[in-house]
Amino acid sequence: MNETALAQPQKLPVGPIGRHGIGYWGVGTLVASEAALFAYLLFSYFYVGAAAQPGWLLEPAPSLKLAVPNTLLLLASSLVAWVGERGILERRRWQALLGFGGATLMGTVFVLVQWFEWKAKTYKLGTSSYASLYFVTTGFHIVHVVVGIVVLAAIFAWTALDYFSPRRRLTVSAGVLYWHFVDIVWLFVFTTYYVTPYLGFGQ
Amino acid sequence: MKPPDYRTPRIGTDSDAQEAKLLQAWETAPGLKGFFSSVDHKEIGIRYIVTAFLFLVLGGIEALVMRLQLAGPNLSLLTPEQYNQLFSTHGMTMIFLYASPILSGFSNYLWPLLLGSRDMAFPRANALSYWIYLAAGLFLYAGFLSGNGPNDGWFNYVPYALRQYNPGLNQDFYSLGMVLLGISTTIGAANFIVTAFRTRAPGMSINRLPIMIWGTLTANAANLIVVPAVSLAFFLLWMDRQFGTHFFDVAGGGQPLLWQHLFWIFGHPWVYAIVLPAMGMASDALPVFCRRPLVGYSLVALSTVATMILGFGVWVHHMFATGLPGLGLAFFSGASIVITVPSAVAVFAWLATIWLGRPVITTAFLFFSSMILLFVIGGVSGFMTASVPVDWQLTDTYFVVAHLHYVLIGINVFPVVGAAYFWIPKMSGRMLDERLGRWNFWTMFLGFNLAFLPMHLTGLLGMPRRVYTYGEGMGWDTLNLITSIGSFVFAVGLLLFFLNVWKSLRSGAAAGPNPWDAPTLEWAVSSPPPPYNFAVIPTVASRHPLWEDRLDEEGAVSSIERGMLLDNGKETIATTAVDAVPDMVLEMPEDSFAPVLLAAGAAVLFVGLLLKMWLIAGCGAGVAALAMLNWLWPRRELREREASP
């Protein structure tokens, strides 16, 4: 008779501890799927652009005056959100509140600046395939930023209610992960629409 | 007192007291309350199965009406527009509302049982994915029933789908419905992935997973990445139609072929996604009737994954006739030919299992083994069309229709009905009738081949697909009549299946826990299983926990009766991704109304978008947002927030 295998684990965490929990995996899968969505959006841009006639780019030299500072602002907000997460980890609630509140605010400013960018365009959604791609791709991104802002605001509120501790903070880490994703994906959108024309794509 | 953050799980044996305790924690409330709030994977799995079979019946009726129209030349039962809507809705129904959800249903029901767990990783997301599937199905069928069904084929090519040529609401129903359905598929995919990696019984390392887990996991990993492509395509189509964008129309600088790329980047991996789980079911169930383990387990598991990886690189074979550059065609043709290799590995593994085993001929065995034959026929016709010159000759003819039905009915419907014979006894506790089962199988098998084997010839003789009628004297009359007769015989066969299920539920013989003497964990629990599945968490020591005594393998034996009790409320175990070492105690969520409310909100949102009634859309979005807030609100019971000191 062979010996019976029996798992007899020692002390195990009960529920998520830190970012160690299946909810983090869940947000990971969400991010993977959303990243794919943006990949298809950018694929559409390059596919249409590669076959387009000269003059397809409505902005052969897109203005970087607002776009670059706004990009930096969004990236910085990722850092600020991370500082907030550290605040939870080190039991400094004021730092956490400042971090999540600051990131929420910075995200909101980003959306407002994007709105001004949209308003300043000389073309509209239906002007051409370039215009449609530009507005729909950046529009998809804005929607993701807005969702991220709501998530950060909720985390801010829950932090204010003193829900979290260094151990019980999966919600915070998962929300911040999503925010990092929203920021990183913008780099790809930004590069596509603001940088590749200078590199000669679509000219 | 604050509950401890760390705990050593108590070990014990299955007892009446333990079962009573677990039942109290896991049982769904009776009545409507339980119906709308249940997060039990078994409940959800059965709902998926019932709903998907209802759509199979609807899609089947649509097919029969079309076969009446095509039974002879120059018939006028249907108008061209009616015919367009019927074949498009038939494709949409079978591919999106039946073929994938039926597999989600079996997987939902079976996964935690196969894995030795008490539920899926995200039970509420599981409920949400079902409710959204139901909402999307109703949404799409609301279009069809109001005369606004899709009318451009299931792959819905532009420019015909654009507003200029298609001014009705048909395409808007289809577009928005597909975006809604995509949400359901994506959530389901995420759930399957995390479940497979994190909620297995201790000891069920990745080389001990049942092949069905491999199949469904692989399919859903693909779904997670490719469903956004089709959702985006349909969303952009809706934008082009309703908001004057120019993604697909040439006049505004758009690209009609962009639609085809986005659709097939999704569509071809999806074809594998709706057969790999079914092949997995066959790989697990067929060996039971051969009385031996599957031959070549590792090869079959790896070829499952290889099929999917290659499957990402074959989409252009749907577009050989669109005038793409020759080099591109050569690449995709090569990939489409290579992909037959991993498929053949599975075929030879099944054949070897039958050859080396002592087959017990049951109805389930007949369905699974006939699948091998149908798969080979469908595979060979697919292999033929992977060759560019052959495809140029055959594309858009009935040859392709014959091919895709051999693949989809052969490797989805046949193994699914086989799986029903195999696993319904587990779900209901009652056997299906074997005698009626034989009639069921032979009617379906003969009817199917009678309908679709001659169809290859119809295609070779040049009959184009998607025409509502055809002229006399083209040499197609007899073949079409045979196909129509065959399709009705096939339908009778399917009817016999439903009759058998109905009879079994009323008066079937009692099944007992393990009627087939099968080796995997789901057969270790009673039929039907209790709400908590396993009274103690089993520890797995081999691929065949219930056959260890006779396989005489080296090494330790699995522990089924004795294990972690985990009876402090709704609990199960999380294990590490590869080795399945216990990692943490999972606190599982109670039943909840949030999923059904969220799905209802989403449905209202989509109705608002369809009608461009922004107030309605806003209300729907508001309800969905509130439901989500309630859902995500950190809970003490789930240890998502710090307990008060």
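Biologist: How many bridges join S2(B) to S4(B), and in what sense do the strands run?

Modeller: S2(B) and S4(B) are joined by three bridges and run antiparallel, and the rule is that two strands pair if DSSP finds at least two bridges between them. One of the partnerships is that of Gly12(B), whose bridge partner in S4(B) is Gly563(B). This is a predicted model, in which local features need pLDDT of at least 70 and side-chain atom pairs count only at pLDDT 80 or more, whereas totals for chains, interfaces and linings use all residues. Residues are numbered from 1 along each chain as its sequence is written, while chains are lettered from A and ligands numbered from 1 in the order in which they are written.

Biologist: How many bridges join S3(B) to S4(B)?

Modeller: Two bridges link S3(B) with S4(B), again in an antiparallel run, and two is enough for a pair under the rule of at least two. Here Ile537(B) has Met564(B) as its bridge partner in S4(B). The outcome is an open sheet of three strands in chain B, with the order S2-S4-S3 and antiparallel pairing.

Biologist: Why do S2 and S3 of chain B stand at the edges?

Modeller: Strand S2 (11–13) and strand S3 (537–539) of chain B each have a single partner strand, so one side of each is left without a neighbour in the sheet. From one strand to the next, the twist averages 50 degrees.

Biologist: What counts as a helix or a strand, and how many of each are in chain B?

Modeller: Both are DSSP runs numbered from the N terminus, helices being H or I with at least four residues and strands being E with at least two. On that basis chain B has 20 helices and six strands, whereas chain A has five helices and one strand, with its elements running β-α-α-α-α-α from the N terminus on.

Biologist: How do you know that the radius of gyration of chain B agrees with that of a compact globule?

Modeller: The radius is taken over C-alpha atoms, and the globule rule is 2.2 Å times the number of residues to the power 0.38. For 645 residues the rule gives a value near 26 Å, and chain B has 25 Å, so the two agree. Its C-alpha atoms fill a box of roughly 80 × 65 × 50 Å along the principal axes. For the 203 residues of chain A, a compact globule would have a radius near 17 Å, but chain A has 21 Å, and its C-alpha trace spans about 75 × 55 × 25 Å along the principal axes.

Biologist: What makes a residue part of a contact, and how many residues does the contact take from each chain?

Modeller: Two residues are in contact if their C-beta atoms, placed from the backbone, lie within 7 Å. The contact takes 55 residues from chain B and 48 residues from chain A. H7(B) gives the most to the side of chain B that touches chain A, with seven residues. Apart from the helices, two bridges join strand S1 (residues 12–13) of chain A to S1(B), in an antiparallel run, and Pro13(A) has Tyr6(B) as its bridge partner there.

Biologist: Why are H1(A) and H6(B) called oblique to each other?

Modeller: Axes are lines fitted to C-alpha atoms, for helices over the stretch in contact, and angles run from 0 to 180 degrees between N-to-C directions. Helix H1 (residues 22–50) of chain A and helix H6 (residues 170–198) of chain B pack at about 135 degrees, with their axes 10 Å apart. Angles under 35 degrees count as roughly parallel, over 145 as roughly antiparallel, 65 to 115 as roughly perpendicular and the rest as oblique. H1(A) and H6(B) are therefore oblique. Among the residues that meet are Trp25(A) and Leu30(A) in H1(A), and Ile193(B) and Arg198(B) in H6(B).

Biologist: Why, then, are H6(B) and H7(B) called roughly antiparallel?

Modeller: The axes of H6(B) and helix H7 (residues 211–243) of chain B come within 8 Å and cross at roughly 155 degrees. This angle lies over 145, and H6(B) and H7(B) are therefore roughly antiparallel to each other.
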